[in-house]
Amino acid sequence: MTLQEAQPITALLDPETVQSIADEIWPALVGDGEAFVPVPVAPPAEVVSAWVTISGPWNGAVVLTCAPATAEALAESVLMTRPPTVVDDEDVADALGELANVLGGNIKSVLPGPSSLGLPQIGSAPTTGRLDDVCRVNGQWRGQSLTITVQGATEALHPSGTEVPQ
């Protein structure tokens, strides 16, 4: 099956499934009583994203996007740090990457397989492919904007997240 023949993510996954996966993993990773709430808030002006690629019958990425301050607060919660401990950029990258990794692994498990999961990456989110190949859940954590996006790749990907030579 070529990339053009692959089913779009919208035929394989709906926002409710993404939300239910977030509901399952959020308390375990972020903390008891913590939740990702699917109530949209205004997107932040500056964002940071963490993502993992999925390669298989469907190729794409699971992307977690939020403001840098939200990413730092998530890292503090995931790493269970308390003041005066300060998280650094590496801690933020590790924590956000771990959230993307666990989200991606759980989403991969509900997609047709076999598939492989790439390593977590941090930075500007990968570009999206077709508009019908995007499943997005906008929400918030502690009142801050957070988005989980499952998006098709513009090209077939290796598990490392690099493009497959054509």
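This is a short tour of a predicted model, taking in its main nonpolar core and a few backbone oddities.

## The nonpolar core

Let's start inside. The largest nonpolar core has 36 residues, and the members that touch the most others are Leu74, Ile107 and Val150. Quite a few elements chip in: helices H2 (15–29), H3 (68–78) and H4 (89–110), along with strands E1 (48–55), E2 (60–66), E5 (134–141) and E6 (144–152), each give at least two residues to this core. H4 hands over the largest share, with seven residues.

Who are the neighbours of Val150? Leaving aside residues up to four places away in sequence, Val150 touches Ile9, Leu13, Val18, Trp58, Ala61, Val62, Ile107, Asp133, Val134 and Cys135. Ile107, one of these contacts, is also among the three core members touching the most others.

## A cis proline

Now for the backbone. The peptide bond running from Gly113 to Pro114 is cis, its omega sitting near 0°. You'll find Pro114 in the loop that links H4 to strand E3 (116–117).

## Two positive phi angles

Met80 isn't a glycine, yet its phi is positive, at about 55°. Look for Met80 in the loop between H3 and H4. Is Met80 buried or exposed? With a relative accessible area of 65%, Met80 is exposed.

Arg142 is another non-glycine residue with a positive phi, this one near 50°. Its spot is the loop between E5 and E6, two strands that each supply at least two residues to the core. Arg142 itself counts as exposed, because its relative accessibility is 51% and the cut-off is over 50%.

Conventions: Residues are numbered from 1 along each chain as its sequence is written. This is a predicted model: local features need pLDDT of at least 70, side-chain atom pairs count only at pLDDT 80 or more; totals for chains, interfaces and linings use all residues. Side-chain values use heavy atoms; hydrogens and water are left out. A nonpolar core is a set of buried Ala, Val, Leu, Ile, Met, Phe, Trp, Tyr and Cys residues joined through side-chain atoms within 4.5 Å. Buried means under 20% relative accessible area, exposed over 50%, partly exposed in between (1.4 Å probe, protein chains only). Helices (H or I, at least four residues) and strands (E, at least two) are DSSP runs, numbered from the N terminus. Contact means heavy atoms within 4.5 Å.
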